Structures are given as structure tokens and as C-alpha cells.
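Visitor: Can we go through the rings and cysteines in this one?
Guide: Yes, here it is.

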Amino acid sequence: MAGGELYILGAGAALAEQVLSDAQLAELGLALTPQEQQLRARAGVQARRTSLPLEYLTGSRNRDILEGRARALASPTTLGVQAAQQALLRAGISIEQVGLIVGDTSTPYQTCPAEGHRIGGALGVKVAAYDVVAGPAGLGVHLDMLASWQPERLPEYVLCVSTHTPTQQIHFDSGAQGGSGALAGYLLGDAAAALVVSARQAGPLRLEWLRQRREGGAARGAFSAPRQIQCVEEHFLSAAGVQQLVTAELLTIRQGYVQPLVDPFLIGPQLYAGHLRQCAQQLGFAPERVVVAVQDTGYAFGASAGCGLAGLWDTVQPGQSVVWIEGGDGAWCSGVISRR
Amino acid sequence: MLHILGMGTCHAETVITNKFLEDLDVGTNAQWIEEKIGILERVSTLPLEYIRTTRNGDPRVAREIASMSATDMGVKAAQAALERVGITADQVGMVIVNSCAPLCTVPGEAVRIAERLGCTAVAFDVVTACPAFALHIDLLRNYRPERLPEFVLCISTAALTQHVNYNDRSDGAIWGDAAAAWIVSPVHRGKLAVLDSNFTADPTRCGAVVVDTFGFFKQDGRAVRDFSVRQTVRLIKAFEEQYPLDWSRDVFIGHQANRTMLQQVTNNREIPESNHWHNVTYLGNQAGAGSAASLCAHWDEVAPGQHVVVAVVGAGLSWGSILLQGV
């Protein structure tokens, strides 16, 4: 990221209300294999949020995902709106001041119009809106895009929203029974995150440096969702692979951003956040500085990292750094955010 | 200044005639279709026998028996564009894709298409349904030139006939399946220079046109029709007020939704038929690919100095325009 100032004026998160516990999943007969247990531990998920009514979920296993959507207590749009409202509140602006809404979802109820349109509609504004969708790298790609624009082409305030309700696309049964498999049920959760950004108005957080890259070769997405979500276990990174990737991204960051990292937080790839906390010191971070946003919420694709940042909003001290590394599906965004 | 260096398209091969739709006996007839929307044929990735026997009652089945997916069409359109420009996929530095009916949402279309092309560039979906041509160009114009790669591949692809309920007397007449691709550069001069662009939306009307992820397309036809004509006229007038357009020389391309609506627009702006490029009559509404495909079909006719006004509207509701000039 050469030149281009971008400030984050507000960050918001919204979690689905229902907590789906390990015990409830076990009652459904969903048991993880030893390999799946490792993947779950690598993520650091201990509980997950779902927008499905628990009684419906445990009774039907969400066999019919369209019925799940009809019964859901929240949609990607409603969660996105909640996250947006928190971000706007923290930014101290009203939605009418926003000049652009950029949305992101991997679980849209409708593929047309864009989620950004639905969120704008729910917020009641007439403003440019569209989606920029890049898998788990989601909000990072939004930031990279906006930081690359000519400042005069950026509206004063831009609202970026990443919202996902993957549990609504899980059939909570084993693969043998035609379900999504146990791993999807244990890993995934429903959440949304939102950022209010500006190139002209200074905010509490400043984007210091960011780079987007894509991996060559096959798209190595850990999940697939033509309809029902499936885990693609062979695409999950090994522990060594996680460490190698994050180490390489950190090196790239240090080559691009030469200022000192001050008592930094790490928002790393949330699908592997548990492992990152375990190897924090090897990566140069204090363990308590490694954000595991998925611990009690489950993994919500591109929203999880944003939820992590929103969770730090009142914690990050002036001068302190936040290292952001997030991606998957072949796309990665890595950068540094600092508290002014 | 951005230039469009080349374009490519891919259209489905099965032709659905108005007679075929009339014979489905769902309350429509060829004359009504021709008068109301001005479409004589449209192309589909679905077999005619499948439509005839099932009316596409379950769009999940449509995906499985379709001859091509949105991804397949996007790849083919991109390959055609790359060939036209004379570059290879590994020279592309960014891939952005719009689809209002993607094959699947995880991973996204841009990543899947880039992978199939053997392209390792950054790839992400930029989605707004039908006005995608304007959005993509306007979005790329926002970038600082040094932040854009040498070549950007833009694609719009959708197989919307797979989301049509062929028991509905009007929905079946609208859509055609297609993809269009255009390659843009901030450094290389191409056939078309991008002089101006804009994009915006009114999300308070986002319910007017929808495609359910696992279901059907639905729209408030009257509201959309009125909006489309009015907004397209506004977009053209805005360029007329700022630039020396001459409809005896310059060309208009609208959103390829409805030939009758486009006729209302060209009548309003007194654009002669010879300077109105369109393809909806025999291909149907190709969503975000339609306007780009129309331009692609006339690519060799673009003359130096000639302006091409692209004014497109669609779901969101969103709308945008591009002013191009032949180099």
C-alpha cells in the first residue's frame, strides 16, 4: 500500500443469539474424528452462535435449508444491519452521512440484488451500494480497495459490512446420512462485522499498510457451498502450514511496513486462531495479544476477523499496533492498523 | 486514462422461441411477448425438453442438467477476450467478476474463474447485477493508476434461465444466459478510451428485482419498467449536457432487458436505430453481460472519435453509465 490514508472510524460486530454447545451437537450424534478434533482445536472454536432456533435445529437437523431460512431468527441482512449500527455509533455518524456501502456475504438469501443493497435498504438510505466478495479475506479486500482509490473519488464515509449465516446452510448430520458432516457443525457460526472508514476524516484507527495477494494453483477453499455447506478437509492448513503462512505474511509486512510494531495484537486467520495463540511467542506475539474471535462464536468466514477488530475497539491503546492477516479461498490480505 | 483493449462473450446455445413459450400454455403468446418486451428469442443453458416437462419447478435440478454453468460461460468469455487482446491469463493482474446467479457462493466466481484460466492474480467478485459493466469501469476509475495492474479482466456472467419459473407467463420470456468479458488497462491504449463513468443505487427499492439463491427470479415488472426507462434517459441526458454527443455519429447501448423499453429511450433521445446497438431481441436479457455483449458484437465498427454511451440499470436498484470514445 503506497500512500493513501485510510482511517477506521468505527467497527461493529453482531452475533447470532443462540449458543450451540458441544453437548447439543453431541446429542445429535455428531462426533468428530481425531483428525477433525485437531482441525477444531486449530481453529479454537469452543462454542458457536446460530441464528437457527435451537429446538428447530435439534429436531430437524436443518435437513431442509430453505425451511431453516424461513425459521431463522436472523438473516445475513439483519446481522449486517446490527453490526453496521454499532460501527456507525462508534464512528459518531448517521447512516445518511455514508456515501457508499460495500457488502460481503457468502450466504446470501438472494444472489440478486447484492447484500450491500439489502443492508442499505434495511437502513433506509439511497446511496451507492454493491458487494465486493473475496471469501475470508473479505473486509481486508474492502480496505485494500478503498486505500487504493484516489482520495477525491472516495465518499467522506464508507460503510463496509461482512455478514454470514453459515449454520443456516448446514445439515446437521453425518456425511453418511447426507449431512454436512460433524466438522461443519462444530466450526461454523453466524456473525457480521462492519467498519466505517474514511480517507478524509481521521479516526481512532489508521490503516498503516495492507497488501492483498492470491495464491497460485488451485483455489484452496476450506469450505464449499453450492448449497449445503461442506468442509473440504484436504484444504485445511496443517499446523506447520499455518505457521509457515503466517510467518511468511509477517515477513512481508515487515518488509513493507518498517515502523516498529508497538505491543501488537494479532488478528490472524481466524480458521486457525486457536493454533496461532498456541504458537504466539514463536510468531513474536504475547499469547494474550492473539485474537481468537471464533472461540465462542464459531467461524463466520469474512466476518470473523472484523468481529475480532470490533472486540478490540475499547482495548487497543494509542500507539498500539494491530497486525491483520486473513484469507482463504486463495486470497490473503495482510497489514497493520494502528491506534492513533 | 483507462482503455478497454478487447472483449469476449459466451452465449448459451439452446434457443427458446416465443412459439415454444406459447406452447407451454401458461397464458402467454408470441404476439404479447413481442409487443410487450420485444424479444423474439432467448438463449438458455437448459434443454428444451427439460423446460417443457418440468417447467424448471426445482432450480436445483436445473444446475445439474444445464449445459453450462455461470463459471463455464465466464471462462469462455474471458478466453475470447484474452485472445482478442493477444495476452495470456498469467499477464492479468486482477480479475473482478459480477454474477447475480453464481454457481456457488463459496468459493466465489472470480476465484473459480481465475483458477480455471490459470490466472494467479488477485480475484474478487464485484456484484451489482445488471449494471455491472458500468460499476466495474467506474470502480476501476476510482483507483490510483499506479495501484492498478497492467491488465484487469472484468467478467459478468449469469445463467438466469436456471432461476426462471416457466409456469410464469412473463418471466420465461425475459432471460437469456450469457457471459461477457472485457479487458481494461491503465497503461496500454486500446480501441476504446474511458472518458467518464458513474454508478449509484437506491437500496430502498432493493426488493423490486430479486433472484432467490436457491429459487426463482421475481420482480415488480411495472415499477422496474418505469424506473428503467426514466433512469436510462436521465443517464443519457447527463452525458449529453456535458459532452458534445452527436447521435448521427455516436452510439447508445442500454441494458438489454426489453427491446420495447429501449425503443422508448431512443425515441426520447432521438437516437436513430442505426446508432443503437442492442442484442436483446434474439438473446434475451443477459443480465450484466447484455450491454457489454452488445458492444463486443460491434467492436470492429467502433470508429476513431466516435462516442459510445453505455447506460445501464438494474437490480438494487442500481444504475450507471460509461462514456467511451473510439481511439
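Guide: What follows covers aromatic pairs, charges over rings and cysteines.
Guide: This is a predicted model, where local features need pLDDT of at least 70, side-chain atom pairs count only at pLDDT 80 or more, and totals for chains, interfaces and linings use all residues. Residues are numbered from 1 along each chain as its sequence is written, chains are lettered from A and ligands numbered from 1 in the order written, and side-chain values use heavy atoms, without hydrogens and water.
Visitor: How many aromatic pairs over all chains?
Guide: Nine. Rings of Phe, Tyr and Trp (its six-membered ring) pair if their centres lie within 6.5 Å; planes under 30 degrees apart are stacked, over 60 edge-to-face, the rest tilted.
Visitor: How are the rings of B:W175 and B:F217 arranged?
Guide: The centres are 5.0 Å apart and the planes at 85 degrees, so this pair is edge-to-face.
Visitor: Is B:W175 buried or exposed?
Guide: B:W175 is buried, at 5% relative accessible area; buried means under 20%, exposed over 50%, partly exposed in between (1.4 Å probe, protein chains only). B:F217 is buried too, at 1%.
Visitor: Which residues form an aromatic cluster?
Guide: A:F223, A:F236, A:Y299 and A:F301 form one.
Visitor: What sits over the ring of A:F265?
Guide: The charged end of A:R289, 4.8 Å from the ring centre. The criterion is NZ of Lys or CZ of Arg within 6 Å of the centre and within 35 degrees of the ring normal.
Visitor: Switching topic, how many disulfides?
Guide: Zero over all chains, with a disulfide being two cysteine sulfur atoms within 2.5 Å. For A:C231 the nearest cysteine sulfur is that of B:C104, 15 Å away.
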